[in-house]
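Let's take a friendly walk through a protein model, stopping at a few spots along the way. Keep the 3D view open as you read.

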Amino acid sequence: MMQILDKRLSYEEVTEIFVRVNSLGAKLRGSDLALAQITSKWKGFINEIDAFAKEFENNADYLMDTGILVKTLVAFATNQSKFKTVNRVKIEAFKEAWEKTQTGVRCAINLLKSNARIENLRLLGSPFLLVPIAYYAVQRDEKLTKEEARKIMLWFYVAHMKGRYGLGSSETILDSDLSVLSKTKNLDELLALLKLQVKDFLTSAAEMKGKTRRSNYFSMLFFIAKQREIKDWFTGMAITEKLVGKSHALQFHHIFPKSLLKRQGADRKEINDIANLAFIGGKTNRNISNKEPKKYLVDVIEKRGDEVLEHHNLPAKQELWELDNYPEFLNYRRAQIVKTINAYVEKLMK
């Protein structure tokens, strides 16, 4: 259905009609509708936000696609994250909030890049994870003590791993985080709020069981692997998402090949369990192909030494490399992965 609007209507009035109509009709993201309302007051803001996103090169599309810059802008302008009040915020408030947004987002991304070696923001469990970090960084005028940086990273890792913004209403949860920071400016209070939701900052084998590469636990393991400078089994290159060339591009490898496990009658969940996945380069993955672990792990140890087993949480007992012992292998490696993750988190809890 086409609607003809009076040409005497202002740009702001047209935008308000557009938002109301589209909120009930064609499905648009809340950030799209909020951006439309903001640009109705602030001509040229789209160019501003686009130019800022491009500062982050390969992550520019992520920042724009997720609408997280608009979400952060609203958080700074209103001390909450929902878009319902956008039309009541004055342009001066948005301009002031935009300066804070740029400062906070730069600090948040640089903190994750330097302290967690996260180069690709698409690995984050939720883009919302950036908002409290950006908000707190501005509160502290970007001057974080060693203790504050530790607490922020503890909050980030646990919130990412346990799915802080994937359990229930994500905007309501984000608002509770912003509220506690706004009122207390205290990271202990932010951590206490997280503890109420997740109960335990550590993980367990039961919690990990059945998780696949799509789980936040898998990316958490990757973050730690990069911190520990885990190396590819054959090339000896440190694991990173930044390697150049198809042959070295980061891949995850099924330690026990899918084809062999299918013949054994293993189900999809068992085959793709995190405990059966390892981070290696593409060339190494292709060289291994569908060989059994008992046939290729001997070569891996010969090239990299026995320490490669510990680094990749692999069992030293060769009977666990046998196809018939796959369930025992999963139990062993899952327990080792849990130890690796918990040891890392525990260091940040001290």
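## Two unusual backbone spots

Let's begin with Arg-117, which sits in the loop between α6 (91–115) and α7 (130–139). Keep in mind that this is a predicted model. Most residues other than glycine have a negative phi. Arg-117 isn't a glycine, yet its phi is positive, at about 55 degrees. Is Arg-117 buried, partly exposed or exposed? Its relative accessibility is 33%, so Arg-117 counts as partly exposed.

Glu-142 is another case: this residue isn't a glycine either, and its phi is positive at about 65 degrees. You'll find Glu-142 in the loop between α7 and α8 (146–161). With 43% relative accessibility, Glu-142 is partly exposed.

## Salt bridges

Side chains of opposite charge can pair when their charged atoms come close. How many salt bridges does the model have? The count comes to 16. One of them joins Asp-175 to Lys-82, with the closest N and O atoms 2.8 Å apart. This pair links distant parts of the chain, 93 residues apart: Asp-175 is in helix α9 (residues 170–184), while Lys-82 is in the loop between α5 (68–78) and α6. Asp-175 has a relative accessible area of 14%, and because buried means under 20%, this residue counts as buried.

Now look at Arg-150 and Glu-147, another salt bridge, where the closest N and O atoms are 2.5 Å apart. Both residues lie in helix α8, three residues apart, or about one turn of the helix. Which partner is buried and which is partly exposed? Arg-150 is buried at 17% relative accessibility, whereas Glu-147 is partly exposed at 40%.

## A salt bridge between buried partners

Next up is Asp-273, which forms a salt bridge with Arg-334; their closest N and O atoms are 3.0 Å apart. Asp-273 is in the loop between α14 and β2 (277–281) and Arg-334 is in helix α18 (residues 326–349), so the pair ties together parts that are 61 residues apart in sequence.

How accessible are the two partners? Asp-273 comes out at 3% relative accessibility, so it counts as buried. Arg-334 is buried too, at 6%.

## Aromatic rings

A pair of aromatic rings is described by the distance of the centres and the angle of the planes. The model has 16 aromatic pairs. Among them are Phe-52 and Trp-98, an edge-to-face pair with 5.5 Å from centre to centre and 80 degrees between the planes. The pair links distant parts of the chain: Phe-52 belongs to helix α3 (residues 45–54) and Trp-98 to helix α6, 46 residues away.

Both of these rings belong to buried residues: Phe-52 has a relative accessible area of 2%, and Trp-98 has 0% relative accessibility. They also have company, as Trp-42, Phe-45, Phe-52, Phe-56 and Trp-98 form one aromatic cluster.

## A positive patch on the surface

Finally, head to the surface. Which residues gather there in a patch of positive charge? They are Arg-213, Arg-214, Lys-258, Lys-262 and Arg-268.

Try picking out Arg-268, which is found in helix α14 (residues 268–271). Arg-268 has a relative accessible area of 71%, and because exposed means over 50%, this residue counts as exposed.

Technical notes
Residues are numbered from 1 along each chain as its sequence is written. This is a predicted model: local features need pLDDT of at least 70, side-chain atom pairs count only at pLDDT 80 or more; totals for chains, interfaces and linings use all residues. Side-chain values use heavy atoms; hydrogens and water are left out. Patches are made of residues with over 30% relative accessible area and no salt bridge: like charges are joined within 9 Å, nonpolar side chains (Val, Leu, Ile, Met, Phe, Trp, Tyr) within 5 Å. Accessible areas come from the Shrake-Rupley method with a 1.4 Å probe; for residues, only the protein chains shown count as cover. A salt bridge is a side-chain nitrogen of Lys or Arg within 4 Å of a carboxyl oxygen of Asp or Glu. Lys and Arg count as positive and Asp and Glu as negative; His and the chain ends are not counted. The place of a charge is taken as NZ of Lys, CZ of Arg, CG of Asp or CD of Glu. Helices (H or I, at least four residues) and strands (E, at least two) are DSSP runs, numbered from the N terminus. Buried means under 20% relative accessible area, exposed over 50%, partly exposed in between (1.4 Å probe, protein chains only). Rings of Phe, Tyr and Trp (its six-membered ring) pair if their centres lie within 6.5 Å; planes under 30 degrees apart count as stacked, over 60 as edge-to-face and the rest as tilted.
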